[in-house]
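Okay, thanks for coming, everyone. I'll put the structure up and then walk you through the parts I'd like us to look at together.

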Amino acid sequence: MADITNILVCGIGGQGVMTASEILAQCAIALGLDVKKTEVAGMAQRGGVVTSHVRFGPRVLSPAIPKGEADIILGFEPAESMRWTSHLRKGGVAMVNTHALAPPVVSLGLYDYPQDPVSEMRAAGVTVYDFDAGEIARELGELRLVNTVMLGAIGDHLPFEADLLKEMIVARFRARKPALVALNETAFERGRQAAAAAAAARE
């Protein structure tokens, strides 16, 4: 099990959770690793919660990450990140976008949005690197860049070079929307810088 990397990606529908997990899986496949991936999308296209488990290593038997074994929580939304805290292993890292997007269950009055999810995670002993990926995307002029910013943020926390992840993202845009290649390269690097700054702030 020590050779298996477990990444739990969570957020709200439309943020790019599934795309992010797909790109991570493609990187592992490119390295010749065994990959298992599973997704749960609850009303995803209506802004519902979305979760994806990505596991890779020499041999992976199950796609689901057991509680307490996630190496990284890649949280596109702070409350969703907090909700999956129990899946993070001791010594694992939660990379959290602080831009809050409450799912429909909140507006329907079925769920109270936590006042400060990141503080609650830290109080529980979780190592959290948090920053506003939405603000970075806005600065770059495209809100859909949150996905690339968040992938850049975990680029230096993976068992392979960040440049492989960056190239996988670039390749997708080179094939589909070449005009957005440079912008996504910038977004990736901004994510790396934000994560590094968040890590430094903890020291």
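So, let me start with a question: which residues of α6 are buried? Keep in mind that this is a predicted model. The buried ones are V146, N147, T148, V149, M150, L151, G152 and A153. That's eight of the eight residues of α6, so the helix is largely enclosed by the rest of the structure.

Okay, on to the strands, beginning with β1, residues 5-12. Here too the strand is mostly covered, with eight of its eight residues buried. In a regular strand the side chains alternate between the two faces of the sheet. For β1, we get T5, I7, V9 and G11 pointing one way, while N6, L8, C10 and I12 point the other way, and all are buried.

Who does β1 pair with? One partner is β3, residues 49-57, which runs antiparallel to β1 and is joined to it by eight bridges. If you want to find that pairing on screen, look for N6 standing opposite R55, or go to I12, whose bridge partner in β3 is V49. And β3 itself is mostly covered, with eight of its nine residues buried.

β1 also pairs with β4, and that pairing is parallel, with four bridges. The residues to click on there are V9 in β1 and L74, its bridge partner in β4.

Now keep going from β4, which covers residues 70-75, because the next pairing takes us to β5: the two strands run parallel and are joined by five bridges. I72 has V93 as its bridge partner in β5. To get from β4 to β5, the chain goes through helix α2, residues 78-83, and this β-α-β crossover is right-handed.

How buried is β5? Seven of the 10 residues in that strand, residues 88-97, are buried, so β5 is largely enclosed by the rest of the structure. β5 pairs with β6, residues 127-131, in the parallel sense over five bridges. A94 is the one to look at there, with V128 as its bridge partner in β6.

While we're in this region, have a look at T85, which is found in the loop between α2 and β5. Why does T85 count as buried? Its relative accessibility is 18%, and the cut-off for buried is under 20%. For a sense of distance, T85 and S62 are 23 residues apart in sequence and 20 Å apart in space, C-alpha to C-alpha.

Right, charges. Side chains of opposite charge can pair when their charged atoms come close. How many salt bridges do we count in this model? The count comes to 13, and I'll pick out a few.

Go back to α2 for this one: E80 forms a salt bridge with R83, with the closest N and O atoms 2.8 Å apart. Both residues lie in that helix, three residues apart, about one turn of the helix. E80 counts as buried, at 4% relative accessibility, whereas R83 is partly exposed, with a relative accessible area of 42%.

Over in α5, E135 and R138 meet in a salt bridge at 3.0 Å, N to O. Being three residues apart in the helix, they are separated by about one helical turn. Here E135 is partly exposed at 32%, and R138 is partly exposed too, at 39%.

Then there's E142 with R144, where the closest N and O atoms are 3.1 Å apart. E142 counts as partly exposed at 22% relative accessibility, and R144 is exposed, with a relative accessible area of 63%. Elsewhere in the list, D156, K166, E189 and R192 are joined into one network by salt bridges that share partners.

Last topic, the largest pocket. About 620 Å³ of space lies in there. Which residues lie nearest its centre? Of the 26 lining residues, those are Q15, R144, L145, N147 and F173. So we've met R144 already, as the partner of E142 in a salt bridge, and N147 was among the buried residues of α6.

As for helices, α1 (17-30), α5 (133-139), α6 (146-153) and α7 (162-176) each supply at least two residues of the lining. What's the chemistry of that lining? We have nine nonpolar, 10 polar and seven charged residues.

That's my tour, thanks.

Key. Residues numbered from 1 in each chain as written. Predicted model: local features only at pLDDT ≥ 70, side-chain atom pairs only at ≥ 80, totals over all residues. Heavy atoms only, no water. 1 Å grid on protein atoms, 1.4 Å probe; cavity = no way out; pocket = protein on both sides within 12 Å on 5 of 7 lines; lining within 4 Å. Points joined across faces, edges and corners; volume = space filled by probe spheres on them. Nonpolar A, V, L, I, M, F, W, Y, C, P; charged D, E, K, R; others polar. Buried < 20%, exposed > 50% of the residue type's maximum accessible area, 1.4 Å probe, protein only. Right-handed = clockwise from strand over helix to strand, strands pointing away. Salt bridge = Lys/Arg side-chain N within 4 Å of Asp/Glu carboxyl O.
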